[in-house]
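Hi everyone, thanks for coming. I'd like to walk you through one model this morning, so please have a look at it with me.

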Amino acid sequence: MAVAELGVVVLDCPDPSALARFYADVLGGTVEGEGDWVDLKLPDGRALAFQAAPGFVPPKWPAPDDSQQFHLDLTVPDLDAAEKAVLELGARPLDAEDRSRTFRVYADPAGHPFCLCAC
């Protein structure tokens with residue numbers, strides 16, 4: 001028997017509103033709130049939250065001696081089209097050169113790694 005159920009995944013960042021808008025442009029949904037805590041309500045009912053973190057330092061990727069902590073896998077139907085879109089929205093490539101793989105790794109504008117996956 002489960003003790004709890006997952007409520008929301010929360011990303012620390014320097015600007016919750018800006019990062020919520022980035023993910024709203026990538027995933028769809030509605031940005032709610034402002035200030036130190038902002039929610040992104042996704043079309044399917046799930047949510048992501050963004051929390052202000054003074055002194056935020058983005059994770060390093062790849063860094064064998066420094067953990068990335070977590071990353072998001074975002075499933076897409078077309079890697080090339082999705083890559084073009086996220087780069088236009090402000091993502092930057094971390095590991096996207098190998099075009100034979102079914103995934104590519106990027107950083108969001110705050111530096112969190114995420115993968116586009118055609119899995």
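I'll go through the pocket, a helix, and then two side chains.

Before anything else, please keep in mind that this is a predicted model.

Let's start with the empty space. How much space lies in the largest pocket? The volume comes out at about 520 Å³. There are 24 residues lining this pocket, and the closest to its centre are L27, L42, R46, L48 and L74. If you look at which elements give two or more residues to the lining, you get α1 (16–27), β4 (47–52), β5 (72–75) and α2 (79–88). Strand β5 supplies the largest share of that lining, with four residues. For those of you thinking about chemistry, the lining divides into 17 nonpolar residues, three polar and four charged.

Now to α1, one of the elements we just met at the pocket. The helix has twelve residues, and at 1.5 Å a residue they should span 16 Å; the end C-alpha atoms are 16 Å apart, so the two values agree. Which residues of α1 are buried? They are P16, S17, L19, A20, F22, Y23 and A24. As a reminder, an α-helix has 3.6 residues a turn, so residues three or four places apart point the same way. Just after α1 comes G28, which takes a positive phi of about 85 degrees.

Next, a charged side chain. R104 is in strand β7, which runs over residues 103–107. Is R104 buried or exposed? Its relative accessibility is 3%, and because buried means under 20%, R104 counts as buried. The side chain of R104 makes a polar contact with the side chain of D80, at 3.0 Å. Leaving out residues up to four places away in sequence, R104 touches L79, D80, E83, D95, A96, R99, F114, C115 and L116.

Finally, a histidine. Where is H112 found? Look in the loop between β7 and β8 (113–117). H112 has a relative accessibility of 4%, so it counts as buried too. A polar atom of the H112 side chain lies 2.7 Å from the backbone oxygen of D12. With the same sequence neighbours left out, up to four places away, H112 touches L11, D12, C13, L19, F56, P59, F70, Y106 and A107. One of those, L19, takes us back to α1, where L19 is among the buried residues.

That's my tour, and I'm happy to rotate the view for anyone who wants another look.

How values were computed. Residues numbered from 1 in each chain as written. Predicted model: local features only at pLDDT ≥ 70, side-chain atom pairs only at ≥ 80, totals over all residues. Heavy atoms only, no water. Buried < 20%, exposed > 50% of the residue type's maximum accessible area, 1.4 Å probe, protein only. Polar contact = N/O pair within 3.5 Å; in protein donor to acceptor, adjacent residues only side chain to side chain. Contact = heavy atoms within 4.5 Å. 1 Å grid on protein atoms, 1.4 Å probe; cavity = no way out; pocket = protein on both sides within 12 Å on 5 of 7 lines; lining within 4 Å. Points joined across faces, edges and corners; volume = space filled by probe spheres on them. Nonpolar A, V, L, I, M, F, W, Y, C, P; charged D, E, K, R; others polar. Expected span 1.5 Å × (residues − 1).
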